[in-house]
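Here is a friendly walk through one assembly, from the fold of a chain to the way its chains meet. Please keep the viewer open as you read.

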Protein chains: 6
Amino acid sequence: MTRALFVGRFQPFHYGHLYAIETILKQCDELILVVGSAQMSHEHDNPFTAGERIEMIRAALNAAKIHPDRFMVIPIPDAPAHRVWVSAVESQTPRFDLVFSNQSLTRRLLIEAGYEVKFIKLHERGKFEATEIRRRILEREDWSDLVPPEVHRIVMEIDGENRIRDLAKSDSVNNRKH
Amino acid sequence: MTRALFVGRFQPFHYGHLYAIETILKQCDELILVVGSAQMSHEHDNPFTAGERIEMIRAALNAAKIHPDRFMVIPIPDAPAHRVWVSAVESQTPRFDLVFSNQSLTRRLLIEAGYEVKFIKLHERGKFEATEIRRRILEREDWSDLVPPEVHRIVMEIDGENRIRDLAKSDSVNNRKH
Amino acid sequence: MTRALFVGRFQPFHYGHLYAIETILKQCDELILVVGSAQMSHEHDNPFTAGERIEMIRAALNAAKIHPDRFMVIPIPDAPAHRVWVSAVESQTPRFDLVFSNQSLTRRLLIEAGYEVKFIKLHERGKFEATEIRRRILEREDWSDLVPPEVHRIVMEIDGENRIRDLAKSDSVNNRKH
Amino acid sequence: MTRALFVGRFQPFHYGHLYAIETILKQCDELILVVGSAQMSHEHDNPFTAGERIEMIRAALNAAKIHPDRFMVIPIPDAPAHRVWVSAVESQTPRFDLVFSNQSLTRRLLIEAGYEVKFIKLHERGKFEATEIRRRILEREDWSDLVPPEVHRIVMEIDGENRIRDLAKSDSVNNRKH
Amino acid sequence: MTRALFVGRFQPFHYGHLYAIETILKQCDELILVVGSAQMSHEHDNPFTAGERIEMIRAALNAAKIHPDRFMVIPIPDAPAHRVWVSAVESQTPRFDLVFSNQSLTRRLLIEAGYEVKFIKLHERGKFEATEIRRRILEREDWSDLVPPEVHRIVMEIDGENRIRDLAKSDSVNNRKH
Amino acid sequence: MTRALFVGRFQPFHYGHLYAIETILKQCDELILVVGSAQMSHEHDNPFTAGERIEMIRAALNAAKIHPDRFMVIPIPDAPAHRVWVSAVESQTPRFDLVFSNQSLTRRLLIEAGYEVKFIKLHERGKFEATEIRRRILEREDWSDLVPPEVHRIVMEIDGENRIRDLAKSDSVNNRKH
């Protein structure tokens, strides 16, 4: 049995993530979805809590008929030092055999730790991006075509559009500090 | 839809946990299994990492034919202060409606935060206990009747018996510190 | 009795803060002044320690004849995650009924936690601002008209002008790291 | 002007603390009351949050007609290392000239840092002790003669008696960990 | 070239450590001495700061004519989780080939991480032990025969005997908390 | 005997550092080299771990025939608050008499703590700078004339050039977060 790891921040989860997961699941039996920077929320680039992101991912994968046996979702906060991040991931996840990631730091850390790390073929990169979704929400454009309907529903239920707009009113310094 | 929370340390997961989960699942649609003290491992009372515990839980619930749609497993480290622990749990889990716990501190914190917290009816308490399992491993008695076979297999695969015995050789001070 | 909360960084305390406090005290019986980002000091935007800021606030409010029974000053460090910040505040302050804040993130977090959060009517905003004070100190302009005389005296006693000028010599990276 | 420091955990604030403060105030102009171990609450030896303790102290000193100009109350969490604790206190409090403490570690750390540390003459030590109060609450004995009436009222308002009793039900391990 | 690792707390450094280091240096070219629990000091089992311990070790090894080219001393604080401790050590030390340790947890963690870990042959164990030294200091017995004269001198210079005796006056709870 | 402190990040160690150390050693008997921001690595401005930096420093000073008795190398992570950083340094290093630093924040913190802090006369500043080395590595220019040969060798052994280039591929947000 092959168990793979896929690290993302999912701010929010969108069709680009969904297509990537469907592709990866053809190459492994089980997939660990790591919700990275799990401690972060309520800031411009990271509006949603790990719990909200987990709820989105499960709802979206369920609607996409991906069998829940095939994946698990685990939140991992940033480590106090990059060099110990892989060890922190290993301690919070079941054993895994290979990793899928396009992010340079993530790739580098896992490769230095001895893991095989594969690139993910992205579907319409530039269209399906969390940055674009947050931009559209800020500018009150329609963003519903970029995410599964379940993600849209959850963002509306938690008043996520207003959260993103409110946070944008803060200046950059105060956005990070009280 | 009712989503419930069940907090445990699962050091290791045993039949007592399994029966409790089966009972709770009759009273809710979806269950969040919180793997508490997730940062702990390699100590006498907490031998297994959160990742190892998640692996045990998923394997055991799968073998027990509990549909993976009905539950999710989320590791939560201890908070730096009890008073913020509920808030930390909320930030790392999907929204939940009620909680099942028999542990006094957990109950108290969640009740003070406004949650409904129900007791769990335990099956042969005193027999199915993690303390008893660790004691048997230490004293080289058979412990396989206390856990699902999948848990036993994983503990053997990760050399968990020897880990528990090795840790017992440390004196109490050094067991906690390098 | 109504107890209100007012969150600020007070880097340093100035007349804008004083007028805001006088206005708020007409709408509540007791005011908790939270000195936010309490762990920060010795950086460009946060030159003063929480202790120095508390000393300034008490001296200024005392000189303004605000009865010490009406307010208390409590330092609160930034939380490791925004989502637990409200819980951290609640754990370190007496119970409060409403909040005064114009800062978007602070407002958002407290509103999501269920608090009533009111805007503060600011007096000559743009003139009485900590940024302006720090700018004038850097450029050796007179800044004494922006703060109560007690604040000016304390800044001079702790050699605060030179601290701000020295920190400006560091490049941005080294300013934050040793 | 002489400003003194007095460190306590105040779990809860009792007449012994009050008499000590009255004595100390004869030897200084202003007193900083440090609420130590501020991050702790909801455990057997530390049942109350820093915020609850601050509320108790202010109410009791107010009722005792101690002028609020003479004291301030500041919560200080435990430092990650004893050796940096004095520095952490200094960063969160106004400058102080001398310290009152009977606790050996506190005394030692402050003396090594160069402070003058005086002993506090205690009033009926053995009677007025937080340990005794918590014991009486646990065993449902009357404890109202050990604390100012305001402290008793606040403990009742926050359901503090039941909190202490509930926490006692936990075994020692689970009392500290989830 | 073979570089080895030796982990100890050195509270304080004594002849047992010295003999062990002399033995180990016959089996490697260079030795990294890890001062473990580096954040700890001013408590009964850990009276000395990492800096004080480093000073003792260097003075003692220098007096023993061990060439400073053969060893280095590096302080490592306890990790927030045992499972990431090896990774934390690796990030703060030059690359190493093998480890010498008799401590069960240290051994276990390093072995699980893939290192070769050898036992250290101890010289008169039971006599040369830090616990015995601290006991003698507490009871005002002579302890100078257990440590190199340089260690004795440094302990006297930093008033270490009185520190240990003062800390013993605290009760166990207050010894750890302010 | 005079013991001095020199704080740097050494990302990586270069001839500028070496010349500074040779100059400083004329003014003291023993030098503590503090490897600052010790927890940082794998980011654009801080590519190397503290362990890698220690290895570089020892190899370079050894090759430069600086007697190992004259210096020691100690990693110090950034403190959670600038105001406690000096105290953290003091707790992890042998006692020191004076400090050499050109960095404004470092100087300010140590001066406020009462230390004598001297400027370092730099040799060809602008040429021998870590920023320039990292830039050359990124742009595949020769950088071997800026560092001692031992440093160059170690960077090659740990595949450091590719690490720096890989990290540069990350966008600024993802470079810091997973």
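The report below starts with a sheet, moves on to a buried residue, and ends with the contacts between chains.

## A sheet and its helices in chain C

Please bear in mind that this is a predicted model. A good place to begin is chain C, where five strands form an open sheet in the order β3-β2-β1-β4-β5, with parallel pairing. At its edges sit β3 (71–75) and β5 (116–118) of chain C, each of which pairs on one side only. From one strand to the next, the twist averages 25°.

Within that sheet, strand β1 (residues 3–8) of chain C runs parallel to strand β2 (residues 30–35) of chain C, and six bridges join the two. To find the register, look at R3(C), whose bridge partner in β2(C) is E30(C). Two helices can be added to the picture. Helix α1 (residues 15–24) of chain C lies across β1, β2 and β4 (98–100) of chain C, and runs at about 165° to β1(C). Helix α2 (residues 50–63) of chain C also packs on the sheet, where α2 touches β2 and β3 of chain C. The direction of α2 in chain C makes about 170° with that of β3(C).

## The β1–β2 pair in chain B

In chain B, strand β1 (residues 3–8) and β2(B) pair in the parallel sense over six bridges. Here V7(B) stands opposite V34(B) in β2(B). Is strand β2 (residues 30–35) of chain B mostly covered or mostly open? Mostly covered: five of the six residues of β2 in chain B are buried.

## A buried position in chain A

For a look at a single residue, turn to I154(A), which lies in helix α6 (residues 149–157) of chain A. I154(A) counts as buried because it has 23 C-beta neighbours inside 10 Å, and the cut-off for a buried residue is 20 or more.

Which residues does I154(A) contact, leaving aside its neighbours within four places in sequence? They are E52(A), E55(A), M56(A) and A59(A). As a further landmark, M40(A) is 114 residues from I154(A) in sequence, and the two are 18 Å apart in space, C-alpha to C-alpha.

## How chains A and C are related

Chain C is superposed on chain A by a rotation of 120° with 0.0 Å of shift along the axis, at an RMSD of 0.0 Å. That is the relation of a three-fold axis. Within chain C, the C-alpha nearest the axis belongs to P80(C), at 6.3 Å from it.

The contact between these two chains takes 16 residues from chain C and 16 residues from chain A. On the side of chain C that touches chain A, helix α4 (residues 104–112) of chain C gives the largest share, five residues. That side of chain C has six nonpolar, six polar and four charged residues.

## Helix α7 of chain A against α4 of chain C

Helix α7 (residues 160–169) of chain A packs with α4(C) at an angle of about 150°, and their axes are 7 Å apart. The two helices, α7(A) and α4(C), are therefore roughly antiparallel to each other, since angles over 145 degrees count that way.

On the α7(A) side, the contact is made by R163(A), D166(A), L167(A) and K169(A). On the α4(C) side, S104(C), L105(C) and R108(C) take part. By class, this contact of α7(A) with α4(C) has two nonpolar, one polar and four charged residues.

## Chains B and E

Chain B meets chain E through helices as well. Helix α7 (residues 160–169) of chain B and helix α4 (residues 104–112) of chain E pack with their axes 7 Å apart, at an angle of about 150°. That makes α7(B) roughly antiparallel to α4(E). R163(B), D166(B), L167(B) and K169(B) of α7(B) make the contact with S104(E), L105(E) and R108(E) of α4(E).

## Chains A and B, and pairs that do not touch

Between chains B and A, 21 residues of chain B are in contact with 21 residues of chain A. On the side of chain B that touches chain A, α2 (50–63), β3 (71–75) and α3 (85–92) of chain B each supply at least two residues. The most comes from α2(B), with six residues. By class, this side of chain B has nine nonpolar, seven polar and five charged residues.

Some pairs of chains have no contact. Chain A and chain D are not joined by any contact, and their closest C-alpha atoms lie 15 Å apart. Chain C and chain E do not touch either, with their nearest C-alpha atoms 15 Å apart.

Definitions and conventions: Residues are numbered from 1 along each chain as its sequence is written. Chains are lettered from A and ligands numbered from 1 in the order in which they are written. This is a predicted model: local features need pLDDT of at least 70, side-chain atom pairs count only at pLDDT 80 or more; totals for chains, interfaces and linings use all residues. Two strands pair if DSSP finds at least two bridges between them. Helices (H or I, at least four residues) and strands (E, at least two) are DSSP runs, numbered from the N terminus. Axes are lines fitted to C-alpha atoms, for helices over the stretch in contact, and angles run from 0 to 180 degrees between N-to-C directions. Two residues are in contact if their C-beta atoms, placed from the backbone, lie within 7 Å. Copies are superposed by least squares on the C-alpha atoms of residues with pLDDT of at least 70 in both. A residue is buried if 20 or more other C-beta atoms lie within 10 Å of its own, exposed if 12 or fewer, and partly exposed in between; C-beta atoms are placed from the backbone. Ala, Val, Leu, Ile, Met, Phe, Trp, Tyr, Cys and Pro count as nonpolar, Asp, Glu, Lys and Arg as charged, and the others, Gly among them, as polar. Angles under 35 degrees count as roughly parallel, over 145 as roughly antiparallel, 65 to 115 as roughly perpendicular and the rest as oblique.
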